Amino acid sequence: PAGSLSAAAFPVITGPAASTVFSIYGTGGPLTMTWTLPTELEVDKFESVRLYSGGYDSVKSEVAPTATSATVQITPPPATATVSGGWLTVIAADAYGRNYSYQSYLP
């Protein structure tokens with residue numbers, strides 16, 4: 001039915017700022033992502049994808065169902081690569097197994 005899904009039904013990435021992620025993508029280091037989670041959802045995993053000249057890489061991490069943050073280690077990009085962007089994704093599911101995801105694109 002119309003109106004059955006709204007933005008409030010999805011997890012939302014709240015941090016870090018895009019400039020912080022882009023900086024970590026350029027040098028490597030720990031990346032801590034935070035998100036809000038509607039009470040009827042359980043988080044499954046999150047992913048960080050970095051795009052650079054000549055390719056891309058990603059880091060995925062499974063987290064506790066009620067987690068609202070997680071940290072992954074981002075490796076330095078190849079020495080000759082220029083980082084051009086990427087995205088963060090958090091994926092959650094409801095009691096019926098339906099997935100709800102949120103992506104934050106950079107820059």
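In this predicted model, three strands form an open antiparallel sheet in the order E1-E2-E5. At its edges stand strand E1 (12–15) and strand E5 (69–74), each of which pairs on one side only. Direction ignored, neighbouring strands of this sheet are turned by 35° against each other on average.

Within this three-stranded sheet, E1 and strand E2 (residues 29–36) are paired in the antiparallel sense over three bridges. Across from Ile-13 stands Trp-35 in E2. The loop between E1 and H1 contains Pro-16. This proline is joined to Gly-15 by a cis peptide bond, with omega at about 5°. The helix H1 lies across E2 and E5, and its run makes about 150° with E2.

The second sheet is also open. Four strands build it with antiparallel pairing, in the order E4-E3-E6-E7. Strand E4 (55–62) and strand E7 (99–106) each have a single partner strand, so one side of each is left without a neighbour in the sheet. Neighbouring strands here are turned by 15° against each other on average, again with direction ignored. Helix H1 (residues 18–27) packs on this sheet and touches E3, strand E6 (83–93) and E7. The direction of H1 makes about 115° with that of E6.

The table lists strand pairs from the two sheets.

| Strand pair | Sense | Bridges | Residues standing opposite |
|---|---|---|---|
| E1 and E2 | antiparallel | three bridges | Ile-13 and Trp-35 |
| E3 and E4 | antiparallel | eight bridges | Glu-47 and Lys-60 |
| E6 and E7 | antiparallel | eight bridges | Gly-86 and Leu-106 |

Some details of the four-stranded sheet can be added to the table. Strand E3 covers residues 42–52 and pairs with E4. In this pair, Glu-47 has Lys-60 of E4 opposite. On the other side of the order, E6 and E7 are paired over eight bridges, and Gly-86 stands opposite Leu-106 in E7. E6 and E7 form a hairpin with five residues between the strands. In that hairpin, Gly-97 takes a positive phi near 85°.

The elements can also be read along the chain. The protein has one helix and seven strands. In sequence order they follow the pattern β-α-β-β-β-β-β-β. H1 is in contact with strands of both sheets: it lies across E2 and E5, and it touches E3, E6 and E7.

Some values describe the protein as a whole. Its C-alpha trace spans about 50 × 30 × 20 Å along the principal axes. Of the 107 residues, 37% are buried. The accessible surface comes to about 6,100 Å², and carbon and sulfur atoms account for 55% of that surface. Among contacts between residues at least 6 apart in sequence, 62% join residues at least 24 apart. The protein carries 4 positive and 7 negative charges, and the mean positions of these two groups are 6 Å apart.

Definitions and conventions
Residues numbered from 1 in each chain as written. Predicted model: local features only at pLDDT ≥ 70, side-chain atom pairs only at ≥ 80, totals over all residues. Heavy atoms only, no water. Pairing = 2+ DSSP bridges. Helix = DSSP H or I, 4+ residues; strand = E, 2+ residues; numbered from the N terminus. Axes fitted to C-alpha atoms, helices over the stretch in contact; angles between N-to-C directions. Contact = heavy atoms within 4.5 Å. Buried < 20%, exposed > 50% of the residue type's maximum accessible area, 1.4 Å probe, protein only. Areas by Shrake-Rupley, 256 points an atom, 1.4 Å probe, with all protein chains shown as cover. Lys, Arg positive; Asp, Glu negative; His and termini not counted. Charge placed at Lys NZ, Arg CZ, Asp CG, Glu CD.
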